[in-house]
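Dear colleague,

I am handing over the structure we spoke about, with the sequence alongside. Please have it open while you read the notes that follow.

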Amino acid sequence: MENSNWKKPVYETNGLNLWYGSSHALKNIDLSINEKEVTAIIGPSGCGKSTYLKTLNRMVELIPDVNISGSITLKGENIFDKSIPVEMIRSKVGMVFQKPNPFPKSIYENVAFGLKIHGIRNKSLLDRIVEESLQKAALWDEVKDRLHKSAYGLSGGQQQRLCIARCLAVDPEVILMDEPTSALDPVSTHKVEELINSIKNDVTIAIVTHNMQQASRISDRTAFFLNGEIIECDQTTTIFNNPSDPLTNDYINGRFG
Ligand SMILES: Nc1ncnc2c1ncn2[C@@H]1O[C@H](COP(=O)(O)OP(=O)(O)OP(=O)(O)O)[C@@H](O)[C@H]1O
């Protein structure tokens, strides 16, 4: 099913099935998410994209009546292994949602939050990492004079970049992004896309998007999901220019979904 897999996988998913009660939402998923690449996950509404993303950080376990079979490894470790605390996975894997969700705290405290949870108390170290993270998120110049003001005073696009800075502060292996620009205007969307391009050499990214142009602009590889299955996963240029499956071709050309 999968070609051109020459980069090192960070996540490897094998034979993953997931049921919500009796509803079979993910069917036999085999997929690698490669190190320091952007992997786009595309497909029509309800095909299982968000479910897959939420399985990668075990968020899906919070939903009652979910059953899972198969395996997902993160850097070789089975994430479903009961001896692995979920906090350990969450410390390596950040998540950005469709709607920006800053904490009701200052801009500074939003970025410092995860660091403090990890026990960092040194003020100059906190200051340095907060600044670096906001710089990486291309937000520093816009907020450096209002660091101690509420994050809620930022625009939606700035809040989303703040949420990405909050992830970057704890130096994650992976950031999962679930339609991170769908609530943003085109200018803010462009800024988030530029940000993704600028951080992808440091962090692995998996992004769910409904926007085909976005997938083709920012991702290295693309996985096409349909009805809970992966139809095809390949280099993004191949998926968009020369897909193997006619269903992929129909979807990316807007014939359904
Ligand atoms: N908490 C839940 N309980 C029961 N069924 C669910 C739950 N969450 C999702 N589903 C079902 O699982 C299937 C996959 O949903 P999912 O949200 O993963 O799709 P998606 O591809 O992300 O859709 P969208 O693009 O609309 O966000 C759908 O049929 C959905 O109704």
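Helices and strands are taken here as DSSP runs, of at least four residues for a helix and at least two for a strand, and are numbered from the N terminus. Please bear in mind that this is a predicted model.

With that numbering, K36 is found in the loop between β2 and β3 (38-42), and K36 has a positive phi of about 50 degrees although it is not a glycine. K36 counts as partly exposed because it has 16 C-beta neighbours inside 10 Å, where 20 or more would make a residue buried and 12 or fewer exposed. A positive phi of about 50 degrees is also found at N227, again not a glycine, which sits in the loop between β9 (221-226) and β10 (229-235); with 13 C-beta neighbours inside 10 Å, N227 is likewise partly exposed.

Turning to the ligand, its surroundings are made up of Y20, S23, A25, G43, S45, G46, C47, G48, K49, S50, T51 and I63. Two elements, β2 (23-34) and α1 (49-56), give two or more residues to this shell, and α1 gives the most, with three. By class, the shell has seven polar, four nonpolar and one charged residues.

As for the interior, the largest nonpolar core has 64 residues, among which I41, A165, L176 and A206 touch the most other members. Helix α6 (residues 156-169) gives the most to this core, with seven residues. Leaving aside neighbours within four places in sequence, A206 is in contact with I33, T39, I41, L53, L56, V174 and L176.

With best wishes

Key. Residues numbered from 1 in each chain as written. Predicted model: local features only at pLDDT ≥ 70, side-chain atom pairs only at ≥ 80, totals over all residues. Core = buried A, V, L, I, M, F, W, Y, C linked by C-beta atoms within 7 Å. Contact = placed C-beta atoms within 7 Å. Near = placed C-beta within 6 Å. Nonpolar A, V, L, I, M, F, W, Y, C, P; charged D, E, K, R; others polar.
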